[in-house]
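Subject: Structure handover and notes

Dear colleague,

Please find below the structure I promised to pass on, followed by my notes on what was found in it.

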Amino acid sequence: MDLQEEISSLFSANGIIPSATGFEFRPQQFEMARVIGESLESSQHLIIEAPTGVGKSIAYLVPAILYALANNRKAVISTYTKNLQEQLFRKDIPLVKTLTGRKFSFVLLKGRRNYLCTTRLRNALAYQKSLFDKKSSEDLERIRAWASETPDGDLENIPFSPNHDVWQQVCSEQGICSPKQCGGSCFYQQAKERARTADVIVVNHALFFSLFAIQGSDEYFLYENDFVIFDEAHTLEQVAGIGIGKSLSQAQVLYALHRLYNPKTKKGLLAKRRKKDINDLCVQTEESTHSFFDEIKRLMAATKGNSSSLRIRTPHFVFNSLENPLQKLQSAVKDLESVEKLEIQKEEFAAARRLLWEAEVLLDEFISQKDPSLTYWIEQTQGRFPNIILNAAPTSVADSVAPKLFRDNSSVILTSATLSVGGSLQYYQNRIGARDARKVILDTPFNFERQMRIVVARDIPPPDQAGYENDLPQWIIKSIRRSKGRALVLFTSSSLLRKMKEACAREIADEGYTLLVQDQGSQRHALLEEFRRDIHSVLFGLDSFWMGIDVPGEALEHVIITRLPFTVPDQPLIEAKMDLIKENGGNPFMEFTLPEAVLKLRQGVGRLIRNKTDRGTITILDSRLLTKQYGQVFLRSLPRCPAEIVSSNGDVEEINMEYS
């Protein structure tokens with residue numbers, strides 16, 4: 001039986017999957033599996049939009065696994081969210097195994113710092129008095145006990161929260177954790193070997209592109225004879241750029257120094273050595289580090305005031321006062337390595353020296369700005385541990401990443417529920433650089449004309465006018481009353497969310513509804529669980545609630561969007577992308593800002609209807625949808641359903657939605 005025949009036997013109306021308990025025939029799922037099978041067999045790249053309810057995970061897993069087994073190839077499945085990774089690994093892939101009756105191996109691979117390295121654990125235990133205080137030593141002993149019983153050495157499965165610095169001293173690290181040094185006992189090396197021999201590997205986008213960036217061969221992606229499927233592909237441009245890019249922070253440099261010697265705690269690899277000269281060199285390099293990053297802070301304050309980010313457009317914007325101290329310290333550590341008798345100490349010194357070398361190289365690359373395809377910028381974080389971060393990322397993923405990713409004689413499959421703008425995948429195709437990819441948009445399995453209604457506020461002031469923030473609280477309250485709570489209110493800025501919390505909290509409580517608010521101290525998962533449990537609650541959410549959350553049923557019957565989600569143009573990488581469009585003679589608003597906002601709006605709207613029995617309302621509190629010409633672009637991208645305009649006096653007017 002060939003691949004298409006097997007797909008048909010599984011997905012068709014009389015096939016195995018519809019016959020299985022709890023499943024029904026979904027023509028869109030059948031079509032998706034069929035198209036993916038065709039693309040894999042013809043080594044063709046594919047962009048396929050699969051709306052919520054299609055069952056896309058099974059639709060791509062089945063053809064991918066069948067094709068991999070038939071052709072002795074490896075399927076790499078990459079996702080964005082941890083939730084989907086876990087769902088694929090623990091539920092969907094085992095289900096495919098049952099449905100197909102095939103035997104195959106599959107693994108979930110994480111970044112190396114998620115795994116315990118037994119070599120580094122031995123080293124840390126041997127020198128724990130030099131490295132750790134009493135409390136940290138207790139954590140180290142608990143890790144030692146856990147290491148004797150854990151099957152995988154995965155940080156996620158440790159039954160307590162170890163001190164961050166202790167874990168950094170025992171997790172896998174490049175340069176010291178290797179097959180030669182660790183052998184088969186190391187948990188990371190075991191994970192690598194399982195991935196090397198597995199038929200299916202599940203990774204996240206960040207790990208994929210960090211490994212892809214150091215991949216020397218153009219003949220495969222991560223492993224020989226592999227192919228890749230990206231789920232949640234709407235995040236790919238952002239993650240690919242960061243993964244291929246580079247960053248260096250003040251905290252990273254200080255960590256590298258303190259690994260050798262921390263003058264405050266008197267701990268580190270050099271702590272018990274009577275080498276005052278090299279310890280003094282560590283202290284001097286730390287002083288130089290603070291001095292260098294203080295100069296960066298002053299530059300930011302003088303240029304951008306209180307802004308948290310600053311784009312750097314010219315090389316050598318500051319003097320590289322850290323280069324010489326880092327080089328001197330590296331040389332001194334190398335001298336220690338040459339006279340060290342104990343192999344484990346040599347290994348740790350070599351790893352510490354590598355961190356210093358990486359800091360020196362990244363610093364030089366950032367200050368010299370030799371690569372014109374990159375955008376360079378500085379970020380300043382606040383909070384308990386303020387930090388300065390130097391960043392560099394490709395301005396155009398389509399130019400820098402795509403030629404290597406979308407090559408001939410291979411298949412890259414990209415799928416998500418929201419990839420199209422105005423019924424077309426052309427924008428996404430251009431942004432990601434998949435120029436020769438086949439494009440498919442599947443129909444929704446939901447009846448939106450029966451399940452959903454759109455409400456647009458007519459006479460609320462536009463968000464750029466002062467009256468908007470004054471009027472918005474009452475619009476939110478009136479909208480919440482319509483659904484008796486059960487509402488997700490989406491914001492595009494934390495400052496507006498905080499203001500609306502202050503303005504609405506009392507009235508929402510008076511209505512008898514629980515107000516849940518996303519802020520710096522709240523856990524996203526805990527908020528979602530409470531929102532699902534209390535069906536009369538109202539949740540105020542920011543960016544992470546616009547996508548990737550699933551609240552079917554009566555707990556969520558109303559999504560209220562406070563303003564159209566236009567990207568802030570003063571973010572350095574966004575600004576650089578828009579500048580590049582201008583340089584090429586384009587219109588940044590029409591070619592980037594507007595389509596990005598449309599996709600983000602579609603993601604927010606997509607939180608409402610999650611199955612065929614859901615009912616609900618989308619309320620958009622942004623009158624620009626009605627007054628600006630681009631409003632029709634947004635409306636045409638929304639599901640076909642009844643729509644109405646609501647005025648502040650309560651008048652309601654039905655409107656005809658225009659669709660492409």
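Leaving aside residues up to four places away in sequence, L270 touches L260, Y261, I278, N279, C282, L336 and F349. L270 belongs to the loop between α14 and α15, and it is buried, with a relative accessible area of 0%. Its C-alpha lies 8.6 Å from that of R259, a residue 11 positions away in sequence. Please keep in mind throughout that this is a predicted model.

The two helices on either side of that loop also meet each other. The axes of α14 (residues 250-260) and α15 (residues 276-304) come within 10 Å and cross at roughly 175°, and the two helices are therefore roughly antiparallel to each other. On the α14 side the contact is made by Q250, V253, L254, L257, H258 and L260, while α15 contributes C282, T285, E286, T289, H290, F293 and K297. Sorted by class, this contact has 6 nonpolar, 5 polar and 2 charged residues.

Helix α15 has a further helical partner in α16 (residues 323-339), where the axes come within 9 Å and cross at roughly 155°, which makes α15 roughly antiparallel to α16. The crossing of α15 and α16 is left-handed. In this contact I278, L281, C282, T285 and S288 of α15 meet P325, L326, K328, L329, A332, V333 and L336 of α16, and the classes here are 9 nonpolar, 2 polar and 1 charged. C282 and T285 are listed in the contact of α15 with α14 and again in the contact of α15 with α16, and C282 is also among the residues that L270 touches.

Both α14 and α15 pack on a sheet as well. This is an open sheet of 4 strands in the order β6-β9-β8-β7, with antiparallel pairing. At its edges stand β6 (246-249) and β7, each with a single partner strand, so one side of each is left without a neighbour in the sheet. From one strand to the next the twist averages 20°. Within the sheet, β8 and β9 (residues 387-394) pair in the antiparallel sense over 8 bridges, and T381 has N387 in β9 as its bridge partner. Helix α14 touches β6 and β9, with a direction that makes about 65° with that of β6, whereas α15 touches β6, β7, β8 and β9, and its direction makes about 95° with that of β7.

Two loop residues in this part of the chain may deserve a look when you check backbone angles. H316, in the loop between β7 (309-312) and α16, has a phi near 55°, a positive value in a residue other than glycine. Q369, in the loop between α17 (343-368) and β8 (374-381), likewise is not a glycine and has a positive phi of about 50°. Are these two residues buried or exposed? H316 is exposed, with a relative accessible area of 58%, whereas Q369, at 13% relative accessibility, counts as buried.

A second sheet is found further along the chain, where 8 strands form an open sheet in the order β14-β15-β13-β16-β17-β12-β18-β19, with mixed pairing. Its edge strands are β14 (514-517) and β19 (652-655), each of which pairs on one side only, and the twist averages 20° from one strand to the next. Strands β16 (residues 558-561) and β17 (residues 616-620) pair in the parallel sense over 4 bridges, and the bridge partner of V559 in β17 is I618. Helix α22 (residues 467-483) packs on this sheet, touching β12 (452-457), β13 (487-490), β15 (537-541), β16, β17 and β18 (643-646), and its direction makes about 170° with that of β16. Helix α23 (residues 494-510) lies across β14 and β15 and runs at about 170° to β15.

Finally, there is a note on helix α6 (residues 118-126), in which 7 of the 9 residues are buried, so that the helix is largely enclosed by the rest of the structure. The buried residues are T118, T119, R120, L121, N123, A124 and L125.

With best regards

How values were computed. Residues are numbered from 1 along each chain as its sequence is written. This is a predicted model: local features need pLDDT of at least 70, side-chain atom pairs count only at pLDDT 80 or more; totals for chains, interfaces and linings use all residues. Side-chain values use heavy atoms; hydrogens and water are left out. Axes are lines fitted to C-alpha atoms, for helices over the stretch in contact, and angles run from 0 to 180 degrees between N-to-C directions. Angles under 35 degrees count as roughly parallel, over 145 as roughly antiparallel, 65 to 115 as roughly perpendicular and the rest as oblique. Contact means heavy atoms within 4.5 Å. Ala, Val, Leu, Ile, Met, Phe, Trp, Tyr, Cys and Pro count as nonpolar, Asp, Glu, Lys and Arg as charged, and the others, Gly among them, as polar. Two strands pair if DSSP finds at least two bridges between them. A crossing is left-handed if the near helix is turned anticlockwise from the far one by less than a right angle, and right-handed if clockwise. Buried means under 20% relative accessible area, exposed over 50%, partly exposed in between (1.4 Å probe, protein chains only).
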